[in-house]
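Okay, thanks everyone, I'll keep this short. Let me put the structure up, and then we'll go from one side chain out to the whole chain.

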Amino acid sequence: AVTVLGKETFFSGVLHFTDELRILGAFEGTIEAEGNLYIEKKSVCNVNHISASSVVISGKVTGDVVSHDRLELRSGSELHGNVTASKLRIADDVLFEGQVSMIQNKREIDIFSAKGSEIKDSLR
């Protein structure tokens, strides 16, 4: 399930979504998502912040970005803001101004084969 904000679309406000969103137009506001976000070439986003599972930026973003999995800045993109991600990929020819904070993904535990102490430690 993919939602697309087209090239002629301007959206202002707060976006919540769980699957996948592709922005081809312009956005202003806040994005709080559990899904994946793609900001395509020639799109412009001025945000308070973005929080999503993974974020791929090919256009221009001004504001802070939190990616719980991966953040990718593709060639020709611009990001003016701070980044928090567990994986970060920056291509050549990217304009990035901000600070980076790396987060660790918690190790997944198989509750049926793990020791009780390992399960307790993973919950901390």
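So, let's start with a pair of side chains: Thr30 and Asn48 are joined by a polar contact of 3.0 Å. Keep in mind that this is a predicted model.

Where does Thr30 sit? Look at strand E4, residues 26-33, and you'll find Thr30 in there. Is Thr30 buried or exposed? Its relative accessibility is 10%, and buried means under 20%, so Thr30 counts as buried. As for neighbours, leaving out residues up to four places away in sequence, Thr30 touches Gly13, Val14, Leu15, Asn48 and His49.

Now hop over to Gly6. That one is in the loop between strand E1 (2-5) and strand E2 (10-17). At 24% relative accessibility, Gly6 is classed as partly exposed, because that class runs between 20% and 50%. Which residues does Gly6 touch, if we again skip those up to four places away in sequence? Leu24 and Gly25. With Gly25, the C-alpha to C-alpha distance is 5.5 Å, while the two are 19 residues apart in sequence.

Next, the strand pairing, and I'll use E8, residues 60-73, as the hub. Strand E6 (residues 44-52) runs parallel to E8, with seven bridges joining them; Ile50 stands opposite Val65 in E8 there. Strand E7, residues 54-57, also pairs with E8 in the parallel sense, over three bridges, and in that pairing you can pick out Val56 opposite Glu72.

Going on along the chain, E8 pairs with strand E9 (residues 78-80), parallel again, over three bridges. Val61 is opposite Leu79 in E9. Then there's strand E10, residues 83-90: seven bridges to E8, also parallel. And here Val65 comes back, since its bridge partner in E10 is Val83.

Okay, zooming out. How many helices and strands does the protein chain have? One helix and twelve strands. Reading from the N terminus, the order is β-β-β-β-β-β-β-β-β-β-β-β-α, which puts the helix after the strands.

A few totals for anyone who likes numbers. Of the 124 residues in the protein chain, 33% are buried. The accessible surface comes to about 7600 Å², and carbon and sulfur atoms account for 48% of that. And on contacts: take those between residues at least 6 apart in sequence, and 2% of them join residues at least 24 apart.

That's my tour, happy to take questions.

Technical notes:
Residues numbered from 1 in each chain as written. Predicted model: local features only at pLDDT ≥ 70, side-chain atom pairs only at ≥ 80, totals over all residues. Heavy atoms only, no water. Helix = DSSP H or I, 4+ residues; strand = E, 2+ residues; numbered from the N terminus. Buried < 20%, exposed > 50% of the residue type's maximum accessible area, 1.4 Å probe, protein only. Polar contact = N/O pair within 3.5 Å; in protein donor to acceptor, adjacent residues only side chain to side chain. Contact = heavy atoms within 4.5 Å. Areas by Shrake-Rupley, 256 points an atom, 1.4 Å probe, with all protein chains shown as cover. Pairing = 2+ DSSP bridges.
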